[in-house]
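Colleague: I have not worked with this structure before. Could you take me through how its helices pack and how the protein meets the DNA?

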Amino acid sequence: MFGLVDGNNFYASCERAFKPELQGEPVCVLSNNDGCVIARSQECKDLGIGMGQPIHEVSPALRRRLRIFSANFALYGDLSGRVVSILRDQFARVAVYSIDESFVDFQGIPAEQREQVAAGVRARIRQWVGIPCCVGIGPTKTLAKLANKLAKKTPHGVVTVLPGDAVLEKFPAEDVWGVGRRLTARLGAEGILTAADLSRADPETLRARYGVVLARTQRELQGIACANLEESEPDRKQIVVSRSFGSEVVALDDLQQAVATFSQRACEKLRARSLHANGVWVWCNTNPFKPDAPQYHPSGAMPLITPTSDTREVLRLAQHLVRAMYREGYRYKKAGVGLLDLTHGDHQQGDLFALADPRSKSLMEVMDRANARFGRGALGLASSAWRPRKGALERPLWGMNQTALSGRYTTSWHELAIAR
DNA sequence: TCTGGGGTCCTAGGACCC
DNA sequence: TCTGGGGTCCTAGGACCC
């Protein structure tokens, strides 16, 4: 049996964890650059604020009633890790699925105790981390996900769903894991409206019309497990770092600086996973929401001769690509850097004619250690540096808007919460 | 004024190989 | 009247997830 443990309105709950006065208040968290709403407390949903809604579309009067926060992923990531450590204490096998969701294995726990164990874990997470969560239990991941959605609507927060249960008759097909907007429309046209309908549909027809993905979903709804609990995450195939700019950028200099910063961050993520990149991809965009302004969205990629995780080498390519694609007369709003064809460092093809820099590995290790100890950005490459003005680092033109950022209560000594 | 970021898998079609 | 068969790799586009 699978369990799915999912933090309720996760980012909004994280903000509440350190600000108890936000209980009962309509809390919402914005995307990077303070653009769209990406998390809402129940009170916020009740006010009609939509998921993904641009915050500037919300009337000023309504906005004043909201408690709005800029995204604080350092905080959310840390609280997520604390939730997972509680799960690992309780369950032999845990598969972290996303920042706010983990699958757990109920093997070894008698059937009649499952819900009780789930309730206990839920209470512990609430007390120790301060995050409310719900648990869905089922014989397949798809049914556990479904059960979790139902659990959100109950006060006790734990629900078990078995194949053929009556609740499937009322569960909308669009809420089934793996059924998105497009499929919902096509299935609806055929009269497949609920999870039960989908479970009963003719398998051959389903497979032929919609492909193997939906065919698997159907079997999972029938209680036939098609996916296992994957405890170890498969290696990434690509790593992408991209951001919209706080303000539009015109000069090549600024664009290069942004791309250098993103490249550096991408390489840090790469090394954290002990991977090497075989190619670099860079792109930038003008503002698509200003159709009257001249539009330009170039992109370019280059292979690396030897797989690398050295920021300097990635940077050289990235900068070359930006210079080649840059055109004057455009106002750039977004840029991104991708590392492609990732491979493990231990089995790679060398370059017969190039001498590997023997210092590269140690240099990168020193940078990573310094940044781990003194905070991200403590040590970096000059091309990505934010320009100091009047002795202080000032947000560059392209830097993110974060007007309502909460503290890093659990990851920075300087920002520890103070109890009075 | 203001509009997120980061992933995966599947499929179909074309190029190419023997 | 007549046109082989079977395979891989790559890419673009579509769909989904959080």
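Modeller: Certainly; please bear in mind that this is a predicted model. Helix 12 covers residues 252-272 and helix 13 covers residues 311-325, and the two pack with their axes 9 Å apart. The angle between them is about 145°.

Colleague: In which hand does helix 12 pass helix 13?

Modeller: The residues that meet include L255, V259 and C267 of helix 12, and L315, A318 and V322 of helix 13. Where these two helices pass one another, the crossing is right-handed.

Colleague: How many nonpolar residues does the contact of helix 12 with helix 13 have?

Modeller: Charged residues number 2 in this contact, and polar ones number 5. R271 of helix 12 and R323 of helix 13 are among the participants. The count of nonpolar residues is 9.

Colleague: How is helix 1 oriented relative to helix 4?

Modeller: Helix 1 spans residues 10-17 and helix 4 spans residues 73-90, and their axes come within 10 Å. The axes cross at roughly 90°. Helix 1 is therefore placed, with respect to helix 4, roughly perpendicular.

Colleague: Which residues of helix 4 make the contact with helix 1?

Modeller: By class, this contact has 8 nonpolar, 1 polar and 1 charged residues. Helix 1 contributes F10, Y11, C14, E15 and A17. From helix 4 come F73, L75, Y76, L79 and S80.

Colleague: Turning to the DNA, which element gives the most to the surface near DNA strand B?

Modeller: DNA strand B is surrounded by 25 residues, and S31, K237, V240, S242 and S244 are the closest. Helix 11 (212-221), strand 9 (239-249) and strand 12 (332-340) each supply at least two residues of this surface. The greatest contribution, 6 residues, is that of strand 9.

Colleague: What percentage of the atoms of DNA strand B within 4 Å of the protein belong to sugar or phosphate?

Modeller: The surface near DNA strand B has 8 nonpolar, 9 polar and 8 charged residues. Among the DNA atoms within 4 Å of the protein, those not in sugar or phosphate belong to bases. The sugar or phosphate portion is 76%.

Colleague: How far is a polar backbone atom of V240 from a phosphate oxygen of DNA strand B?

Modeller: Side chains also approach phosphate oxygens of this strand: a polar atom of R243 lies 3.1 Å from one, and an N or O atom of K333 is 3.3 Å from one. For the backbone of V240, the distance is 2.7 Å.

Methods:
Residues are numbered from 1 along each chain as its sequence is written. Chains are lettered from A and ligands numbered from 1 in the order in which they are written. This is a predicted model: local features need pLDDT of at least 70, side-chain atom pairs count only at pLDDT 80 or more; totals for chains, interfaces and linings use all residues. Side-chain values use heavy atoms; hydrogens and water are left out. Axes are lines fitted to C-alpha atoms, for helices over the stretch in contact, and angles run from 0 to 180 degrees between N-to-C directions. Helices (H or I, at least four residues) and strands (E, at least two) are DSSP runs, numbered from the N terminus. A crossing is left-handed if the near helix is turned anticlockwise from the far one by less than a right angle, and right-handed if clockwise. Contact means heavy atoms within 4.5 Å. Ala, Val, Leu, Ile, Met, Phe, Trp, Tyr, Cys and Pro count as nonpolar, Asp, Glu, Lys and Arg as charged, and the others, Gly among them, as polar. Angles under 35 degrees count as roughly parallel, over 145 as roughly antiparallel, 65 to 115 as roughly perpendicular and the rest as oblique. A residue is near a molecule or strand if one of its heavy atoms lies within 4 Å of it. A polar contact is a pair of N or O atoms within 3.5 Å; within protein, one must be able to donate a hydrogen and the other to accept it, and residues adjacent in sequence count only if both atoms are side-chain atoms.
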